[in-house]
Amino acid sequence: MTAPESNKTYVSKNEGFRNKKQRKQEVKLRKPGFAVAKYVRMSPRKVRLVIDVIRGKDVRDAEDLLRFIPRSASEPVAKVLNSAKHNALHNDEMLEDRLYIKEAYVDAGPTLKRLIPRARGSANILKKRTSHITIIVAEKGAK
């Protein structure tokens with residue numbers, strides 16, 4: 001039993017593109033208005049308190065809130081928000097006054113485990129937690 005003949009011609013995935021950058025722009029492999037900070041040395045539980053405040057707000061309002069929130073997690077969150085905003089403005093040509101925070105979430109990174117000596121030769125484990133902070137901004141009225 002033989003396979004049926006087919007007249008299909010196979011096209012290379014790189015055909016029609018001069019380089020990788022053009023292929024990425026054409027295929028849109030990246031997400032618009034996306035920024036992430038990985039391995040931030042802060043507990044995800046503490047960072048979520050700040051992220052929950054700014055989720056869904058305008059970018060300008062969120063920047064003002066982060067400037068005055070009395071939590072240490074507001075600094076790395078502000079950096080990620082600033083990066084996402086500038087990615088949207090520069091790479092995706094969005095309008096600054098129409099930007100809002102579409103998605104914002106924190107995932108747990110790897111935990112560093114350290115030993116603290118205790119009485120009678122025992123030891124306790126100290127868990128130093130890390131976070132991955134992700135923020136996606138979009139334009140209001142866009143699909």
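The legends below describe close-up views of a predicted model of one protein chain.

**View 1. The whole chain, with its four helices and five strands.**
In this predicted model, the elements follow one another along the sequence in the pattern α-β-α-α-α-β-β-β-β. The chain has 143 residues, of which 28% count as buried, and it exposes about 10900 Å², with carbon and sulfur atoms supplying 49% of that area. Among contacts between residues at least 6 apart in sequence, 69% join residues at least 24 apart.

**View 2. The salt bridge between Lys-140 and Asp-58.**
Five salt bridges are counted in the model, and in the one shown here the side chains of Lys-140 and Asp-58 meet with a distance of 2.5 Å from N to O. The pair links distant parts of the chain, since Lys-140 belongs to the segment after β5 (131-139), whereas Asp-58 belongs to the loop between α2 and α3 (59-68), 82 residues apart. Lys-140 is partly exposed, with a relative accessible area of 40%, and Asp-58 is likewise described as partly exposed, with a value of 26%.

**View 3. Lys-85 and Glu-63, a salt bridge between two helices.**
Lys-85 forms a salt bridge with Glu-63, and the closest N and O atoms of the two are 3.2 Å apart. This pair also links distant parts of the chain, with Lys-85 in helix α4 (residues 74-90) and Glu-63 in helix α3, 22 residues apart. Lys-85 counts as buried because its relative accessible area is 9%, which is under the limit of 20%. Glu-63, at 22% relative accessibility, counts as partly exposed. The view can be extended to Glu-96, as Glu-63, Lys-85 and Glu-96 are linked in a network of salt bridges.

**View 4. Arg-67 and Asp-64, a salt bridge within helix α3.**
The closest N and O atoms of Arg-67 and Asp-64 are 3.1 Å apart in this salt bridge. Because the two residues are three places apart in helix α3, about one helical turn separates them. Arg-67 is exposed, with a relative accessible area of 56%, while Asp-64 counts as partly exposed at 38%.

**View 5. A positive surface patch that includes Arg-114.**
The patch is formed by Arg-41, Lys-46, Arg-71, Arg-114 and Lys-128, residues that are spread along the sequence but brought together here in one positive patch. Of these residues, Arg-114 lies in strand β3, which covers residues 112-117. Arg-114 counts as partly exposed because its relative accessibility is 41%, a value that falls between the limits of 20% for buried and 50% for exposed.

**View 6. Ala-108 in strand β2 and the residues that it touches.**
Ala-108 lies in strand β2, which covers residues 99-108, and with a relative accessibility of 54% Ala-108 counts as exposed. Leaving aside residues up to four places away in sequence, Ala-108 touches Pro-44, Thr-130 and His-132. With His-132, the separation is 24 residues in sequence and 6.1 Å in space, taken from C-alpha to C-alpha.

**View 7. Asp-52 in helix α2 and its position relative to Tyr-105.**
Asp-52 lies in helix α2, which covers residues 44-54, and it is partly exposed, with a relative accessible area of 46%. Although Asp-52 and Tyr-105 are 53 residues apart in sequence, their C-alpha atoms are 8.3 Å apart in space.

**View 8. Two loop residues with positive phi, Glu-93 and Arg-120.**
Glu-93, in the loop between α4 and β2, has a phi near 55 degrees, which is a positive value in a residue other than glycine. At 69% relative accessibility, Glu-93 counts as exposed. Arg-120 has its place in the loop between β3 and β4 (123-128), and its phi is near 60 degrees, again a positive value in a residue other than glycine. Arg-120 counts as exposed, with a relative accessibility of 88%.

Key: Residues are numbered from 1 along each chain as its sequence is written. This is a predicted model: local features need pLDDT of at least 70, side-chain atom pairs count only at pLDDT 80 or more; totals for chains, interfaces and linings use all residues. Side-chain values use heavy atoms; hydrogens and water are left out. Patches are made of residues with over 30% relative accessible area and no salt bridge: like charges are joined within 9 Å, nonpolar side chains (Val, Leu, Ile, Met, Phe, Trp, Tyr) within 5 Å. Accessible areas come from the Shrake-Rupley method with a 1.4 Å probe; for residues, only the protein chains shown count as cover. A salt bridge is a side-chain nitrogen of Lys or Arg within 4 Å of a carboxyl oxygen of Asp or Glu. Lys and Arg count as positive and Asp and Glu as negative; His and the chain ends are not counted. The place of a charge is taken as NZ of Lys, CZ of Arg, CG of Asp or CD of Glu. Buried means under 20% relative accessible area, exposed over 50%, partly exposed in between (1.4 Å probe, protein chains only). Contact means heavy atoms within 4.5 Å.
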